[in-house]
Amino acid sequence: MKRLLYILLTFFLMSYSASPAFCAKTKRVKAVGKCLQEEHMTGTQARDFARRRAKEEALRQAGIEDRVWSIFGMISSSDNNNPAFFDAWSETSFVAIDGIVKVIEEDAKPVWNDAVGKVEHVVEIVAEVSQEEYLADPEYKIQVEGLSATYRNQETFFCNIRIHGTDSYLKVFYFNYDDANLIYPQEFDLGYRYEKDVVHRIPGKSSFRALKDPEDSAVFANLVFVVTKRNYPFTEQPTPKNILNWIYNIPPDERAVEMRNIMII
């Protein structure tokens, strides 16, 4: 009976929030997104990327706090439009963002960028942005220090983290073009809660090891550090898409994320 009541109550609340009489305030904005079409991208991919950047800009203009969209920003601001990030991003629907940003008008066109000698896709939108309070916790952050931009093959390394705001659970993911994994902590240590305002050596008393195929001259690797206020288990097969979906489905005020891109030579 209680379960039925809960389901009915949930349905009522959903209906209540969706009712026009109780819709959140919206703000109409104009925004532009641009994306250079790199060699690994199709025109459609570049246009979609530009469209997402336009939506991100619409969020900023509407005053939605940037940290709420940390994953979105992390991907769309990637300097080299890393294919591993792009594939994960393009396969992820970002339902929450699409629900907040309603595009009223759109003008998309490819233009030639003389400065770099590439086609650049430009998307201009007029959008209505919901100004609901999808806010992150401004005091909740993760600080990562001690990582270098480049490591030699087989080189070992570690880093330090400091968590601001509250004691938290930590997960460190790795992925590149071919591989993805949860690399820290180990399974037996997944329930460990890290104390706030203390410097923690990661990975504990051991080290990470930079590895690449000997046939590759250099490879890029993405390290994603995620802390959460509650222990959210990651149970999916590790792929860029699944990692980002897992992160994005955690409420914004219960997660803090830091991404680092390293090169292995």
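**View 1. Y151 of β5 has I264 of β13 as its bridge partner.** This is a predicted model: local features need pLDDT of at least 70, side-chain atom pairs count only at pLDDT 80 or more, and totals for chains, interfaces and linings use all residues. Residues are numbered from 1 along each chain as its sequence is written, and side-chain values use heavy atoms, with hydrogens and water left out. Strands β5 and β13 run parallel and are joined by two bridges. Strands pair when DSSP finds at least two bridges between them. Helices (H or I, at least four residues) and strands (E, at least two) are DSSP runs, numbered from the N terminus.

**View 2. An open sheet holds five strands.** The order is β5-β13-β12-β8-β9, with mixed pairing. At the edges lie β5 (150-151) and β9 (180-184), each of which pairs on one side only. Strands of a sheet pair through backbone hydrogen bonds, either parallel or antiparallel.

**View 3. The largest nonpolar core has 25 residues.** Such a core is a set of buried Ala, Val, Leu, Ile, Met, Phe, Trp, Tyr and Cys residues joined through side-chain atoms within 4.5 Å. Buried means under 20% relative accessible area, exposed over 50%, partly exposed in between (1.4 Å probe, protein chains only). The residues with the most contacts inside the core are I142, L147, F157, I161, L170, I202 and F225. Two or more residues come from each of β4, β7 (159-164), β8 (169-175), β12 and β13 (255-264). Strand β12 gives the largest share, five residues. Nonpolar side chains tend to be buried together in soluble globular proteins.

**View 4. L147 and its contacts.** Contact means heavy atoms within 4.5 Å. Setting aside neighbours within four places in sequence, L147 touches F157, F158, C159, L223, F225 and R260. A second, separate core has 18 residues, including C35, M41, A58 and I125.

**View 5. Two buried cysteines, C35 and C159.** C35 has 1% relative accessibility. C159 also stands at 1%. How many disulfides are there? The count is zero, where a disulfide is a pair of cysteine sulfur atoms within 2.5 Å.

**View 6. Helix α2 has the span expected of its 19 residues.** The expected span is 1.5 Å times one less than the number of residues. That gives 27 Å for α2, and its end C-alpha atoms are 27 Å apart. Its buried residues are A46, F49, A50, R52, R53, A54, K55, E56, A58 and L59. Just after the helix, G63 takes a positive phi of about 85°.

**View 7. R51 and E106 form a salt bridge.** A salt bridge is a side-chain nitrogen of Lys or Arg within 4 Å of a carboxyl oxygen of Asp or Glu. The closest N and O atoms of R51 and E106 are 2.8 Å apart. The pair links distant parts of the chain, R51 in α2 (residues 43-61) and E106 in β2 (residues 101-113), 55 residues apart. E106 is partly exposed, at 39% relative accessibility. A salt-bridge network links D48, R51 and E106. The whole structure has nine salt bridges.

**View 8. D137 meets K229 in a salt bridge.** The N to O distance is 2.8 Å. D137 sits in the loop between β3 (118-130) and β4 (141-145), K229 in the loop between β12 (219-228) and α6 (240-248), 92 residues apart. D137 is partly exposed at 22%, and K229 is partly exposed at 23%.
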